[in-house]
Amino acid sequence: MALIDKFGRPITDLRISITDHCNYKCVYCRTGNEGALYADLPFSEYLRMTRILVGLGIKKVRITGGEPLLRKGVIDFVRELSKLPTVDGDPLDIAMTTNGHLLADMAHPLKEAGLNRVTVSMDAVDPDRFARITRVPNGYDNVLASIRAAKRAGLEPVKVNCVLMRGFNEDQIIPFGMFAREEGVIVRFIEFMPLEEDRVWSPEVVVTLDEIVQRMNEYRPFVEIPHERSETARRYRFDDGVGEIGIIAPVSHPFCGHCSRIRITSDGKIRTCLFSIWDHDLHGQMRRGASDDELAEFIRGVVQKKEQRHHIGEPDFVPASRTMVHIGG
Ligand code: SAM
């Protein structure tokens, strides 16, 4: 029987973090220091968790981190995942979110192993600004080369995620509009969420959907196009049909009512919401020798605890128990 939470939302998407190590220190995500790290698990354990979840109705798996391409063996992991059929007998839809620093040489082997799509994070189309945000010198050329390599490898549609922060990169809206058109990628702006290690979030720093739409319209007219109910991004096209932009607006236009996601952290905890204040120790159950059926029962119980919505910006907002890098975005 499919996983459905107590608010009637079918749970069909899994995001699995395979490490919380990262080679970038993006200002909206990390501190400038290394910070705490949780244990990575062997791939065989992520595979078992995913197999059980796929047996419960998961149709899409997104591999994330930390930086997933830092994990040796990730290509073989993708190959093993691609052997898991969904309950409908369809192939599992496998995607990855990466900072792209190491992707250029791995794009083709990842595609061959069964990866369908890739999302690359890139927060400026200007090398200096990019370095200021990622706190890594000379990463820009690698990431640009990776985006192009991903396209050549057929990891399409290639999506480029950009977190806008006032004072850092809000002037990149139009340059990214041009980039989407020139490179043939879907650029997705993400509203900055209070999930960073440095706790610098405030509503004033968030560049909202309305502001992005208004600014982009000054460049050239663009219109909203339909999106799937469970899709996080609102989708837009320019008037001449060239270039697609997505806007993920969890702060100004929350989409919790359609949330179909569940997450597994790199240390094997289930999180039912990015903003959960607790997590559920699936790996602990495994370590204690639970059978597959017992783990499936545990997962069903956890899904019933999925939060109705987040409370960002409300007086009763309680920060999540983990930051984004330790959850897996
Ligand atoms: N290292 C990979 C990367 O850079 O894409 C995967 C992990 S990263 C945590 C996943 C996504 O979360 C990235 O697209 C990143 O931009 C986004 N992200 C991180 N912190 C965020 C925050 N505070 N608000 C919104 N998005 C955030």
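The exercises below walk through a predicted model, each with a worked solution.

Residues are numbered from 1 along each chain as its sequence is written, and side-chain values use heavy atoms, with hydrogens and water left out. Because this is a predicted model, local features need pLDDT of at least 70 and side-chain atom pairs count only at pLDDT 80 or more, while totals for chains, interfaces and linings use all residues.

**Exercise 1. The sheet**

Task: State the order of the strands in the open sheet and find which strands stand at its edges.

Solution. Strands and helices are DSSP runs numbered from the N terminus (strands E, at least two residues; helices H or I, at least four). Two strands pair if DSSP finds at least two bridges between them. The open sheet has 12 strands in the order E7-E8-E9-E6-E5-E4-E3-E2-E1-E10-E11-E12, with mixed pairing. Strand E7 (222–225) and strand E12 (280–281) are at the edges; each has a single partner strand, so one side of each lacks a neighbour in the sheet.

**Exercise 2. Strand E5**

Task: Describe the partners of E5 and decide whether its faces are covered or not.

Solution. Start with the partners. Strand E4 (residues 117–121) pairs with E5 in the parallel sense over three bridges, and Val120 has Val160 as its bridge partner in E5. Strand E6 (residues 186–191) runs parallel to E5 and is joined to it by six bridges; here Val160 stands opposite Val187.

Next, the faces. In a regular strand the side chains alternate between the two faces of the sheet. In E5, Lys159, Asn161 and Val163 lie on one side, Val160, Cys162 and Leu164 on the other, and all are buried (buried means under 20% relative accessible area, exposed over 50%, partly exposed in between; 1.4 Å probe, protein chains only).

Last, the connection. E5, helix H6 (residues 173–183) and E6 make a right-handed β-α-β unit; right-handed means that, with the strands pointing away from the viewer, the path from the first strand over the helix to the second runs clockwise.

**Exercise 3. Strand E1**

Task: Find the strands that pair with E1 and the sense of each pairing.

Solution. Strand E2 (residues 60–64) runs parallel to E1, joined by five bridges, with Leu14 opposite Val61. E10 also pairs with E1 in the parallel sense, over four bridges, and Ile16 stands opposite Ile264 there. E10 (residues 261–264) then pairs with strand E11 (residues 269–271) in the antiparallel sense over two bridges.

**Exercise 4. The ligand**

Task: List the closest residues around the ligand and its polar contacts with Glu67, Asn161 and Met193.

Solution. The ligand is surrounded by 18 residues (a heavy atom within 4 Å), and the closest are Tyr28, Gly66, Glu67, Ser121 and Met193. A polar contact is a pair of N or O atoms within 3.5 Å. A ligand nitrogen atom is 3.0 Å from an N or O atom in the side chain of Glu67. A ligand nitrogen atom is also 3.0 Å from a polar backbone atom of Met193. A polar side-chain atom of Asn161, a buried residue of E5, lies 3.1 Å from a ligand oxygen atom.

**Exercise 5. Loop residues**

Task: Locate Pro157 and Arg135 and describe the backbone at each.

Solution. Pro157 is in the loop between helix H5 (140–153) and E5. A cis peptide bond joins Glu156 to Pro157, with omega about 0 degrees. Arg135 is in the loop between helix H4 (127–134) and H5. Phi of Arg135 is near 60 degrees, a positive value in a residue other than glycine. With 35% relative accessibility, Arg135 counts as partly exposed.

Conventions
A polar contact is a pair of N or O atoms within 3.5 Å; within protein, one must be able to donate a hydrogen and the other to accept it, and residues adjacent in sequence count only if both atoms are side-chain atoms.
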